[in-house]
Amino acid sequence: MKKYTGNYTNEATKALKNSDKIICRTADDGTIYLCNGYFLYKMNPLEYAAVAQAATQCEPGNWIIDKDGKRDEQNFDAVKVFTDAVKAAENAGNLARCPLDLDTGKIPARCYYNAEKDFAAFYNNKFVSAFRSGAMLRSPGPLSAAVAYDNDEPFAMVLPIRPEEKASRAVKAYFTEATSNNESDKLRADLTAANNEIAQANNEIARLREQIAQQAAAPAAAQEAQQAAQEADDNKPQQAPAQDAKTAAELIAARFADMAGVTATIKGAQTAAPVVWLAGDTEKHADAIKAAGAKWSNKKSAFYVRVA
């Protein structure tokens, strides 16, 4: 007997398990909303039990799970986020799947085309693979959230990957021009060439992700600050004197002085554990920065060196 998964596939479970953060909100009517900042699932209790519970390891409710564990979450208005996305997409026209998938090296992207509005749109393949076969996507634009429908009933939304001109042109050409074997090969070549131009695609949807998660950010930031302060107190006995740490930080900052366009800033210079943060044109010097001992902070989207 086939396992019940409703509007979702087993890929939905994998997507939740691989998420850095999961926000759950349960509406008054029992509908369950799950969001990781890139997608939002609308589930009934049976779908949650079949698909999500293996990843969350807990009952539905109003909570958030991240690197700090599970805690109550009351601020994120998932119903409004989902309703707004549905309202924007309801008259946008269906997206047609393009068989020429795009591989960015980091994010395998699934390509779509909206014939009514003449635009190409790209979505993380592992996220749209979470929707059952036959689900239809609608989106009002290439940078707008796409809503997944089952018989005109919306059940999920997913944020896009920012399209590049060459990739968009190739997808549009697939649907609007004759596609002989030679032309198809050329389109695939164009998509392959576009891979190098969208290597940062997973970072470029931060604005949309922030819009979804902004209501939940304040409590998390407060807890993070409290934890950082506690860790600083716990580490004080093992640290060198503040003046020595400051000197070490200045020496570390000097490593990056010759990197054009890169600015090194020392935070907490008077403490026993200062941190050197790098700003400016760090992408250009990424290899040299890593070789100099810097690490990447996903939360701050910046390189840093902590003085031990």
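A polar contact is a pair of N or O atoms within 3.5 Å; within protein, one must be able to donate a hydrogen and the other to accept it, and residues adjacent in sequence count only if both atoms are side-chain atoms.

This is a predicted model: local features need pLDDT of at least 70, side-chain atom pairs count only at pLDDT 80 or more, and totals for chains, interfaces and linings use all residues. Residues are numbered from 1 along each chain as its sequence is written, and side-chain values use heavy atoms, leaving out hydrogens and water.

**Exercise 1.** Place Arg138 and find its polar partner.

Solution.
- Step 1: Arg138 sits in strand β9, residues 136-138. Strands (E, at least two residues) and helices (H or I, at least four) are DSSP runs, numbered from the N terminus.
- Step 2: Arg138 counts as buried because its relative accessibility is 13%. Buried means under 20% relative accessible area, exposed over 50%, partly exposed in between (1.4 Å probe, protein chains only).
- Step 3: The side chain of Arg138 makes a polar contact with the side chain of Asn94, at 2.8 Å.

**Exercise 2.** Describe helix α2 from end to end.

Solution.
- Step 1: Asn44 caps the N-terminal end of α2. A side-chain oxygen of Asn44 lies 3.0 Å from the backbone nitrogen of Leu46.
- Step 2: The buried residues of α2 include Glu47, Tyr48 and Val51.
- Step 3: Cover for the buried residues of α2 includes α1 (10-17) and β1 (22-26). Contact means heavy atoms within 4.5 Å.
- Step 4: Gln57 follows α2, and the phi of Gln57 is positive, near 60°.

Technical notes: The expected span of a helix is 1.5 Å times one less than its number of residues.
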